[in-house]
Amino acid sequence: MKTYLTAATAAIAGLSIAGSAAATEWNVSVWGKRRAFTEHVEKLAELVSEKTDGAFTMNVSYGGLSKNKENLDGISIGAFEMAQFCAGYHRDKNPSITVLELPFLGVNNLEEEVAVSHAVYAHPAVQKDLARWNAKLLMTSPMPQYNIVGTGEARDELGEFKDMRVRATGGIGKAFSAVGAVPTSVTATEAYNAMESGVVDTVAFAQHAHLSFGTINKADWWTENLNPGTVNCPVVVNTDAYDALSDAEREALDSSIEESIAHYLANYAALLEKWDSVLAEKGVAKVTISEDQLAEFRKVAADPIREQWIADMSGQGLPAQELYDLVQKTLSDHRSGS
């Protein structure tokens with residue numbers, strides 16, 4: 001199916017030409033190439049097709065349907081049925097989920113990232129926020145804490161971050177700004193060229209992205225423990241398309257989310273296990289930031305940016321403090337097993 005404008009037209013479009021059978025075909029807009037970041041989308045497509053005997057299929061397109069910063073717009077007009085995007089690409093369009101991009105949020109691993117993301121996604125204010133784009137939040141794309149790669153002399157003190165040009169979006173970009181760096185929000189697909197041409201000195205990514213977008217190939221060093229935060233990248237579906245699914249199709253989709261996330265986590269764990277060998281192979285030095293410097297970074301970036309976010313979002317009518325508290329409570333509950 002090319003577009004979904006209403007549930008009625010979607011249902012009609014799902015009929016075969018012969019009219020004797022219904023088949024549902026969704027287009028899914030992602031970017032880059034198949035990688036750890038998209039494995040849950042690929043697994044979801046596989047599971048849905050299996051559960052419906054091929055009657056419900058998904059065509060995953062890597063950049064062929066939309067630019068990554070325009071995926072939410074495409075969902076809103078029904079240009080495709082499913083898409084992945086990152087909150088930091090357009091914070092004004094999805095302010096509620098930017099709570100998950102606050103620096104030094106305290107999330108320690110991917111399982112915790114899944115827990116806090118899905119708790120926030122389930123909040124009525126967040127669902128209302130995304131509903132403005134005719135988008136239903138389906139699942140997160142959990143990523144570990146970002147770290148930076150750079151060229152030349154390694155930077156292991158905050159004073160050396162002053163005037164550093166860094167590719168960083170969302171709350172991570174704000175954190176770097178707080179210590180005098182100059183963030184730029186070029187997209188992931190533009191990061192390598194920005195680094196190669198000297199537009200940026202450093203790039204902040206999770207490990208898979210340093211590999212997938214080639215920034216590791218330009219790097220002399222990588223910060224192994226800076227961990228300023230991460231970005232939040234949901235997978236959403238067009239609401240009309242979702243509503244037009246049959247009960248069996250909707251069940252096939254919804255029941256496949258947990259297994260798709262589990263597949264993603266297992267795949268990412270395997271990538272992290274070989275990360276040190278990748279660094280050695282490419283001659284990239286690991287830089288360790290001292291605890292004193294990390295404490296100073298948190299002092300300068302975490303509290304002020306969080307308080308400003310709460311004030312700004314509250315001013316927009318969002319329950320900002322409630323959303324932040326939800327993240328912290330979810331982390332506590334997850335760790336206690338409750």
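This text describes a sheet, two helix pairs and the internal cavities of a predicted model.

The sheet is a suitable place to begin. Strands of a sheet pair through backbone hydrogen bonds, in either a parallel or an antiparallel sense. Here, six strands form an open sheet with mixed pairing, and their order across the sheet is β7-β6-β8-β5-β9-β11. The edges are taken by β7 (182–184) and β11 (285–287); each has a single partner strand, so one side of each is left without a neighbour in the sheet. On average, and with direction ignored, neighbouring strands of this sheet are turned by 25° against each other.

The β7 edge can be followed at the level of residues. Strand β6, which covers residues 165–167, pairs with β7 in the parallel sense, and three bridges connect the two. Among the bridge partners are Arg 165 and Val 182, the latter in β7.

Attention now turns to the helices. Two packed helices are described by the angle between their axes and by the distance between those axes. Helix α6 (residues 170–178) packs with helix α13 (residues 291–315) at an angle of about 130°, and their axes are 9 Å apart. Because an angle over 115 but not over 145 degrees falls outside the parallel, perpendicular and antiparallel classes, α6 counts as oblique to α13. The crossing of this pair, α6 and α13, is right-handed.

A second pair consists of helix α4 (residues 110–121) and helix α14 (residues 320–336), which pack at an angle of about 135° with their axes 9 Å apart. By the same classification, α4 and α14 are therefore oblique to each other. The crossing in which α4 passes α14 is right-handed.

The last topic is the internal space. The count comes to two cavities of 30 Å³ or more. The largest cavity has a volume of about 110 Å³. It is lined by 16 residues, of which Trp 31, Cys 86, Tyr 89, Tyr 146 and Ala 188 are the closest to its centre. By class, this lining comprises twelve nonpolar, two polar and two charged residues.

The second largest cavity has a volume of about 40 Å³. Its lining consists of Leu 100, Leu 102, Phe 104, Leu 105, Gly 106, Val 107, Glu 113, Gln 145, Gly 229 and Thr 230. These residues divide into five nonpolar, four polar and one charged. Glycine is counted as polar in this division, and Gly 106 and Gly 229 both belong to the lining of the second largest cavity.

Notes: Residues numbered from 1 in each chain as written. Predicted model: local features only at pLDDT ≥ 70, side-chain atom pairs only at ≥ 80, totals over all residues. Heavy atoms only, no water. 1 Å grid on protein atoms, 1.4 Å probe; cavity = no way out; pocket = protein on both sides within 12 Å on 5 of 7 lines; lining within 4 Å. Points joined across faces, edges and corners; volume = space filled by probe spheres on them. Pairing = 2+ DSSP bridges. Helix = DSSP H or I, 4+ residues; strand = E, 2+ residues; numbered from the N terminus. Axes fitted to C-alpha atoms, helices over the stretch in contact; angles between N-to-C directions. Parallel < 35°, antiparallel > 145°, perpendicular 65-115°, else oblique. Left-handed = near helix turned anticlockwise from the far one by under 90°.
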